[in-house]
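The exercises below ask you to read one structure step by step, starting with enclosed space and ending with the backbone. Try each task with the sequence and the structure at hand before you turn to its solution.

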Amino acid sequence: MVMTLEKGWHQALDEELKKPYIQALKTFLSEEKKRGITVYPPEPYVFNAFRQTPFDQVKVVIMGQDPYHGAHQAHGLCFSVQHGINPPPSLKNIYREMQDDLGIPPAHHGNLEKWAKQGVLMLNATLTVQAGNPKSHYGRGWETFTDAVIWRLCQRQDPLVFILWGKSAKEKCENILSQTNHPHVVLKAAHPSPYSATEFFGCRHFSKTNEYLKKWGKTPIDWALN
């Protein structure tokens, strides 16, 4: 697997990409391929988040957990699915909250690239998964890599909005943010899955994010997808 990152990301993570665990991760993924195991997202999309949102353009970070493990769903952006695939339940709940918060009707698709192109880094804790086997690539090195991504973003004095939905996202980012003096804003809520959506609804993270961006003199996110 070739780790093709946007130039700014490659520069920011240059030392990280040289560490032994990265080579071990590449070897593991190569062995999965040799064994005929289907891995999602397809290789060209593994680093899609880093290509869609260049390092110096990140304004917002949405933290996910694991890529979707169904066919044709994952394409490297957390919560997002490829065109032609119905939005999964969590994404439908995100759309519902967005409508309640901003009056934006739910999109008829689940592709969130428009957000990514506006500076929303849509990062999963692990960037690959076996087909039909959630969390199958946990503990293989991805978490260390994405920790480094968050750490590097935290070093920027240019303020960011971190949107953390669910216990996993909160713990991952807060552990890193607590170690730095930073100007960033952290918005927390329950995960939008059907199991915890009642505690997710009403978080108003979309409008709150834009309020902070405008306060900092940045262009707010156009969340509408249709």
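**Exercise 1. State how much space lies in the largest cavity, and name the residues that line it.**

Solution. The space in the largest cavity comes to about 40 Å³, in a model that is predicted. As a first step, note that the structure holds one cavity of 30 Å³ or more. As a second step, look at the walls, where Pro41, Val46, Pro67, Gly76, Asn124 and Leu127 form the lining of the largest cavity. As a third step, sort this lining by class, which gives four nonpolar residues, two polar ones and no charged ones.

**Exercise 2. Locate Asp66 in the chain, decide whether Asp66 is buried or exposed, and list what Asp66 touches.**

Solution. Begin with the record: UniProt, in an unreviewed entry, places the feature "active site" at Asp66, and the unreviewed entry also places the feature "domain: Uracil-DNA glycosylase-like" at residues 51-213. That span of residues 51-213 is 35% helix and 13% strand, and its end C-alpha atoms lie 22 Å apart.

Next, find the position of Asp66, which is in the loop between β2 (60-64) and α5 (89-102). Asp66 counts as buried because its relative accessibility is 18%, and buried means under 20%.

Then turn to the surroundings: leaving aside residues up to four places away in sequence, Asp66 touches Asn124, Thr126, Thr128, Val129, Pro134, Lys135 and Tyr138. With one of these, Thr126, there is a polar contact from side chain to side chain, at 2.8 Å.

**Exercise 3. Give the volumes of the largest pocket and the second largest pocket, and describe what lines each of them.**

Solution. Take the largest pocket first, in which about 440 Å³ of space lies. Of the 20 residues that line the largest pocket, Asp66, Pro67, Tyr68, Ser90 and His191 are the closest to its centre, so that Asp66 from the previous exercise appears again here. By class, eleven residues of this lining are nonpolar, seven are polar and two are charged.

Now take the second largest pocket, whose volume is about 240 Å³. Its lining is made up of Met1, Leu29, Ser30, Lys33, Ile37, Val39, Pro41, Pro42, Glu43, Val46 and Thr128. Helix α3 (residues 20-34) gives the largest share of this lining, namely three residues. Sorted by class, the lining of the second largest pocket has seven nonpolar, two polar and two charged residues.

A further step stays with helix α3, where Gln23 is placed. Gln23 counts as partly exposed because its relative accessibility is 48%. The C-alpha atoms of Gln23 and Met1 are separated by 9.8 Å, while the two residues are 22 residues apart along the chain.

**Exercise 4. Name the buried residues of helix α10 and say what covers them.**

Solution. Helix α10 takes in residues 205-215, and within it His205, Phe206, Ser207, Thr209, Asn210 and Leu213 are buried. The elements that cover these buried residues include β2, α5, α6 (113-116), β5 (161-165) and β6 (185-189). Finally, follow the chain just past α10, where Gly217 takes a positive phi of about 80 degrees.

**Exercise 5. Find which peptide bond is cis at Pro41, and describe the phi values of His72 and Arg204.**

Solution. The cis peptide bond joins Tyr40 and Pro41, with an omega of about -5 degrees. Pro41 is found in the loop between β1 (39-40) and α4 (48-52); from the earlier solutions, Pro41 is also among the residues lining the largest cavity, and it is one of those lining the second largest pocket.

Continue with His72, a residue other than glycine, whose phi has a positive value near 65 degrees. His72 lies in the loop between β2 and α5, and His72 counts as exposed because its relative accessibility is 57%, where exposed means over 50%.

End with Arg204, which is not a glycine and yet has a positive phi of about 55 degrees. The loop between α9 (197-200) and α10 holds Arg204, and Arg204 counts as partly exposed because its relative accessibility is 38%.

Notes: Residues numbered from 1 in each chain as written. Predicted model: local features only at pLDDT ≥ 70, side-chain atom pairs only at ≥ 80, totals over all residues. Heavy atoms only, no water. 1 Å grid on protein atoms, 1.4 Å probe; cavity = no way out; pocket = protein on both sides within 12 Å on 5 of 7 lines; lining within 4 Å. Points joined across faces, edges and corners; volume = space filled by probe spheres on them. Nonpolar A, V, L, I, M, F, W, Y, C, P; charged D, E, K, R; others polar. UniProt positions renumbered as here; feature names shortened; annotations may be inferred. Helix = DSSP H or I, 4+ residues; strand = E, 2+ residues; numbered from the N terminus. Buried < 20%, exposed > 50% of the residue type's maximum accessible area, 1.4 Å probe, protein only. Contact = heavy atoms within 4.5 Å. Polar contact = N/O pair within 3.5 Å; in protein donor to acceptor, adjacent residues only side chain to side chain.
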